[in-house]
Amino acid sequence: MSKSVGPVKRTFAPWLDPNAKAYIRFENVTKKFGDFTAVDNLSIDIYEREFFSLLGPSGCGKTTLMRMLAGFDEPTTGRILLDGNDLAGVPPYRRPVNMMFQSYALFPHMSVADNIAFGLKQDGMPKPDIAARVAEMLKLVKLEKFASRKPHQLSGGQRQRVALARALAKRPKVLLLDEPLGALDKKLREETQFELMDIQYELGLTFLIVTHDQEEAMTMSDRIAVMDLGRMVQVATPAEIYEQPNSRYVADFIGDINILEGTVAGLEGPVAKVSSAGLDKPIVTEHAGTAKSGDTVWFAIRPEKVRISLDPPADPALNVVSGEVWDIGYLGDVSVYRVKLPNGAIMKSTLANVTRLVERPIGWDDKAYLSWPRDAGLLLTS
Amino acid sequence: MSNKLSWFNVTSLTLGFAFLYIPILLLVIFSFNESRLVTVWGGFSTKWYGEMIRNQALMDAAWVTIRVSFLSATIATVLGTLAAITMTRYARFPGRLLFSGMIYAPLVMPEVITGLSLLLLFVAMDFSRGFWTVTIAHVTLTMCFVAVVVQSRLVTFDRSLEEAAQDLGCPPAKTFFAITLPLILPAVVAGWMLAFTLSLDDLVIASFNTGPGATTLPIKIYSQVRLGVTPEINAVCTVMIAVVALGVIAASLYTKRVEVERERAERAAVAQAG
């Protein structure tokens, strides 16, 4: 198989095409459990062959959304359409979607092969075909040697692959993955992420994945939906979510970010001047967004876009603040400098450790300058 | 904490075991008594076992008991399992609390009351007493025990297994037989065995609800004892003790073995993965 995943992914953007037909559509879906609203009037279109992530903290409604698509819960109001068909009243065992459970939910009394064959048997597939499909699935997840093992004779990573093979065996239109990699250790998780992407691409499936791990969502997804309290806060590509978060919630949830509160002191097109209490000069940014003059706003900038130096930078176009080095975190590949500004706020700057620094030139309690270009940060209004 | 047995431990252990087992031990010993007098040792003999087998009335009673126990345990297991499923699965239905309370009530209900109330019911219904009334009465007695045992297993049952089966295209009823039942089977079997033994040795309820031709072994033994204890009765009781003890030991050995094998397999898997 040729590894042309990269370019294909770049041109894959059906959500930008106004004529593209949604494959999965949530239409004003609300789900209430008693007084608790798990999903709140939510609408979203997911396209064929998309790798779509639902990201959010526990209790944000992401799992409920997935369970409604699988048929384990029915929406209180609203509709769910799959390929144009309303799924209301269709029981889980008649839906062309398969789910990979967080606990894997492997049948403990059946062998690996029987687990994978279970769904095929329900469809009344002829025995030789079942055997062939099971062999194919075992090969896909590299577990040929483990066909006759019972689930409790497998390691965590192997169980995860059996669960994946079982969910894929029926060639579902949509595969739902509920925290699929949660139980794996970091190394295995990274490996499996890329395996999942390959499998999704190879089989041309639509993947809907629920996760609270932002790294996982960033790596694998075509688009990410960040959820909070049963609503979609932002739906966008990983890069957009990271570079152009639409709120403090999203900015804070994905990656690390510095947020400074201030007021818009001047506005010229997209360029805004923001004065923040305790800073002698206003911050200038080219990404004013929807902020209006006089608004209270939050200036957000990623730590890796903030440069730290011991001398004031010469370029007058840069935003510069000075402060005291409060803390240094050495993470191996990068170092994080936490600098205390005159107004008491802490601002972080990360520096890639490109050279092998035995002695750090910047130390604790040093007076340091933080600088960033005008286009590096953005204003958030909520 | 010291592992050594202090004199206090030894004494309490001895007293405890003595209290529990001396009567049973005496009964077993005297079943091998040559003498006709139960309390006087006349040398070793197995003749009372022979007598026991030749005693047609006793054998008939044993056969009735086995049939009643088998049938009532089976019915009680089906009903008890259904009740357990209802109580664990359907968390909210009107009267759930009342229902679960009423399931447990027979556990603590004096047997005399259960027996009498059933008798009154059968009389009111004009149901002729005999084999079937004893069986039904025993179902009433043992069903709650099965429900308790099965429910304790269902509480820890991973519901996502059933959801996974349905997700793969298996309708609910089929899911129960393909996934749920095989996994809770040990608890169901344990419930059945409990029901069987309870029914086997029940005297009170059986004597209230029995009729002609349906004398169970405990009733038979009780009525014979009233005429005087013979070593024959000791022999019957010894056989019953042996049967029950063997059953319990076999069941615990089986569960132990399954556990050990499972643990070994898990360790092997972990070792291999690492």
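**Exercise 1. The interface between the chains**

Work out how many residues of chain B are in contact with chain A, and which elements of chain B they come from.

*Solution.* Start with the count: 21 residues of chain B are in contact with 23 residues of chain A, where contact asks that the C-beta atoms, placed from the backbone, lie within 7 Å. This is a predicted model, in which local features need pLDDT of at least 70, side-chain atom pairs count only at pLDDT 80 or more, and totals for chains, interfaces and linings use all residues. Residues are numbered from 1 along each chain as its sequence is written, while chains are lettered from A and ligands numbered from 1 in the order in which they are written.

Next, look at the elements. On the side of chain B that touches chain A, two or more residues each come from α7 (159-167), α8 (172-200) and α11 (231-273) of chain B. Helices here are DSSP runs of H or I with at least four residues, strands are runs of E with at least two, and both are numbered from the N terminus. The largest share, 7 residues, belongs to α11(B).

Finally, sort by class: this side of chain B has 13 nonpolar, 3 polar and 5 charged residues. Ala, Val, Leu, Ile, Met, Phe, Trp, Tyr, Cys and Pro count as nonpolar, Asp, Glu, Lys and Arg as charged, and the others, Gly among them, as polar.

**Exercise 2. Helix packing in chain B**

Describe how α6(B) packs against α8(B), then how α5(B) packs against α6(B).

*Solution.* Take α6(B), residues 131-155, together with α8(B): their axes come within 8 Å and cross at roughly 155°. Axes are lines fitted to C-alpha atoms, for helices over the stretch in contact, and angles run from 0 to 180 degrees between N-to-C directions. The angle makes α6(B) roughly antiparallel to α8(B); angles under 35 degrees count as roughly parallel, over 145 as roughly antiparallel, 65 to 115 as roughly perpendicular and the rest as oblique. The crossing of α6(B) and α8(B) is right-handed, a label used if the near helix is turned clockwise from the far one by less than a right angle, with anticlockwise giving left-handed. Among the contact residues are Phe145(B) and Val149(B) of α6(B), and Ala187(B), Gly191(B) and Leu194(B) of α8(B). By class, this contact has 13 nonpolar, 4 polar and 1 charged residues.

Now turn to α5(B), residues 111-124, whose axis lies 11 Å from that of α6(B), at an angle of about 135°. That makes α5(B) oblique to α6(B), and this crossing is right-handed. Thr114(B), Gly115(B), Leu118(B) and Phe122(B) of α5(B) meet Thr133(B), Ala137(B), Thr140(B) and Leu141(B) of α6(B). The classes here are 4 nonpolar, 4 polar and no charged.

**Exercise 3. Strand β19 and its sheet**

Place β19(A) in its sheet, and find which of its side chains are buried.

*Solution.* First, the sheet: it is open, has 5 strands in the order β15-β19-β16-β17-β18 (chain A), and its pairing is antiparallel. Two strands pair if DSSP finds at least two bridges between them. β15 and β18 (346-352) of chain A are the edge strands, each pairing on one side only. Neighbouring strands are turned by 45° against each other on average, direction ignored.

Second, the partners. β15(A), residues 307-309, is joined to β19(A) by 3 bridges, and Arg307(A) has Ser371(A) as its bridge partner. β16(A), residues 319-330, pairs with β19(A) over 6 bridges; here Val321(A) stands opposite Leu370(A), and Glu324(A) is partnered by Lys367(A).

Third, the faces of β19(A), residues 367-372. Ala368(A), Leu370(A) and Trp372(A) point to one face and are buried, whereas Lys367(A), Tyr369(A) and Ser371(A) point to the other and are not. A residue is buried if 20 or more other C-beta atoms lie within 10 Å of its own, exposed if 12 or fewer, and partly exposed in between, with C-beta atoms placed from the backbone.

**Exercise 4. The mixed sheet of chain A**

Find the strand order of the mixed sheet in chain A and its edges.

*Solution.* The order of this open sheet of 6 strands is β6-β7-β8-β3-β9-β10 (chain A). β6 (97-100) and β10 (231-236) of chain A stand at the edges with a single partner strand each, so one side of each lacks a neighbour in the sheet. Neighbouring strands are turned by 20° on average, direction ignored. At one end, β6(A) and β7(A), residues 174-178, pair in the parallel sense over 4 bridges, with Met99(A) and Leu176(A) as bridge partners.

Technical notes
Contact = placed C-beta atoms within 7 Å.
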